[in-house]
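Here is a set of short exercises with worked solutions. Take a look at the structure first, then work through them at your own pace.

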Amino acid sequence: MFTLGARRGSRHAITVSFERGDAILEGVIKSDDALGQVLSAYRDSIVDGLSCIDRLRSARQSLDGELGDELDALYPGEASDELEQFLRNMDKRIERAGIVQRLFSLRSDFLGSYMPAARSGHITLHWGLIGLVAPRLGVSVEALALKVLAHEYAHALSHLGIDANGEHWTLDAYGQADEFVHEGLANYMSAAALAASDDWWFREALEALKRMVEHQTPPYREFQRWQRDVGAKPEAVRAALRTARTMDRVTGAQFEQLLQDYASGR
Ligand SMILES: [Zn+2]
């Protein structure tokens with residue numbers, strides 16, 4: 001087991017802060033479509049509006065006689081066409097600005113971050129970006145925020161969690177490990193922690209994690225490969241992490257070998 005509490009005189013500190021995430025957004029956006037970027041924050045409402053127009057049209061088809069005429073007077077067909085065109089144009093601008101797609105193509109954490117330091121670490125949650133991405137995944141902002149916190153906390157635990165011998169991952173060796181190892185561990189450990197609870201919010205956050213990785217780069221899906229191809233179980237992942245922390249520059253392939261060794265009871 002790893003613990004973040006005091007053990008053999010060691011105590012590691014993890015701090016958390018919240019930022020909007022403007023620096024990430026500025027770094028990722030090459031688009032000169034400022035309106036499209038701003039409209040991205042309203043995409044869920046625009047999609048809801050288009051679905052509302054569709055439903056009202058089918059309602060109109062089922063109404064005849066006086067009721068149909070009354071609805072036509074309230075909401076004439078031309079008004080519906082104009083509103084639909086307006087919403088579709090806005091949606092096109094958002095697609096062109098492509099902010100969310102650009103964010104998902106990043107090979108690093110963007111909804112939050114973990115900054116390791118010597119015997120300590122700092123987690124930042126980017127609330128503005130979480131609010132931007134949650135509607136695209138069809139999950140609540142709260143569930144996605146919990147997923148991000150769990151993911152970053154898992155980075156902290158793999159770095160600072162103290163094993164039975166009082167050891168942790170030194171800052172230097174942590175910094176040199178491959179991204180497939182880091183993101184594989186963070187998603188494996190956070191998914192396992194979220195799945196271990198019956199709490200409704202944990203289940204929602206786990207759903208957010210699953211939907212998120214479908215859009216992300218391969219290092220974020222590495223944990224699913226461990227589960228599928230290696231049959232990785234929590235004990236084997238913990239044992240592999242303990243050994244990996246004693247190695248220099250752990251690669252994805254080396255970590256997978258460790259998982260296989262421990263899974264077959266080395
Ligand atoms: Zn990460």
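## Exercise 1: Arg-119 and Arg-249

Arg-119 sits in the loop that joins strand S2 (112–117) to strand S3 (120–126). A word on the ground rules: this is a predicted model, where local features need pLDDT of at least 70, side-chain atom pairs count only at pLDDT 80 or more, and totals for chains, interfaces and linings use all residues. Residues are numbered from 1 along each chain as its sequence is written. Helices (H or I, at least four residues) and strands (E, at least two) are DSSP runs, numbered from the N terminus.

Task: describe the phi angle and the burial of Arg-119, then do so for Arg-249.

Solution.
- Step 1. The phi of Arg-119 is near 55°, a positive value in a residue other than glycine.
- Step 2. Burial is a count of other C-beta atoms, placed from the backbone, within 10 Å of a residue's own: buried means 20 or more, exposed 12 or fewer, and partly exposed in between. Arg-119 has 14 such neighbours, so it counts as partly exposed.
- Step 3. Arg-249 is in the loop between helix H13 (234–244) and helix H14 (252–263). Its phi is near 45°, again positive in a residue other than glycine.
- Step 4. Arg-249 is exposed because it has 11 other C-beta atoms within 10 Å.

## Exercise 2: The overall form

Task: work out why the protein is described as more spread out than a compact globule.

Solution.
- Step 1. Start with the inventory: the protein has 14 helices and 3 strands.
- Step 2. Its radius of gyration is 24 Å, well over the 18 Å that the globule rule gives for 266 residues, so the protein is more spread out than a compact globule. The radius is taken over C-alpha atoms, and the rule is 2.2 Å times the number of residues to the power 0.38.
- Step 3. Along the principal axes, the C-alpha atoms fill a box of roughly 80 × 40 × 30 Å.
- Step 4. Now look at the division into domain 1 (13–27 + 112–263) and domain 2 (34–97), with bounds from an automatic or database domain assignment. The C-alpha centres of the two domains lie 40 Å apart.
- Step 5. Buried residues make up 31% of the 266 residues.

## Exercise 3: Helix H7 and Val-133

Task: find which residues of helix H7 (residues 127–137) are buried, and what they pack against.

Solution.
- Step 1. The buried residues are Leu-129, Ile-130, Leu-132, Val-133, Ala-134, Pro-135 and Arg-136.
- Step 2. They pack against helix H1 (22–28), helix H3 (43–62), helix H6 (99–104), S3 and H8.
- Step 3. Zoom in on Val-133, which is buried because 25 other C-beta atoms lie within 10 Å.
- Step 4. Leaving aside neighbours within four places in sequence, Val-133 is in contact (C-beta atoms, placed from the backbone, within 7 Å) with Val-100, Leu-103, Leu-111 and Leu-144.
- Step 5. Just after H7, Gly-138 takes a positive phi of about 70°.

## Exercise 4: H8 against H10

Task: characterise the crossing of helix H8 (residues 141–160) and helix H10 (residues 179–195).

Solution.
- Step 1. The two axes come within 8 Å and cross at roughly 115°. Axes are lines fitted to C-alpha atoms, for helices over the stretch in contact, and angles run from 0 to 180 degrees between N-to-C directions.
- Step 2. The contact is made by Ala-150, His-151, Ala-154, His-155, Leu-157 and Ser-158 of H8, together with His-182, Leu-185, Ala-186, Asn-187, Met-189, Ser-190, Ala-193 and Leu-194 of H10.
- Step 3. Sorted by type, these residues give 8 nonpolar, 6 polar and no charged. Here Ala, Val, Leu, Ile, Met, Phe, Trp, Tyr, Cys and Pro count as nonpolar, Asp, Glu, Lys and Arg as charged, and the others, Gly among them, as polar.

## Exercise 5: His-168

Task: place His-168 and list its contacts beyond four places in sequence.

Solution.
- Step 1. His-168 is in the loop between H8 and helix H9 (171–176).
- Step 2. With 21 other C-beta atoms within 10 Å, His-168 is buried.
- Step 3. Leaving aside neighbours within four places in sequence, its contacts are His-12, His-159, Leu-160, Gly-161 and Ile-162.
- Step 4. For a long span, take Arg-60: it is 108 residues from His-168 along the chain, and their C-alpha atoms are separated by 66 Å.

Key:
Contact = placed C-beta atoms within 7 Å.
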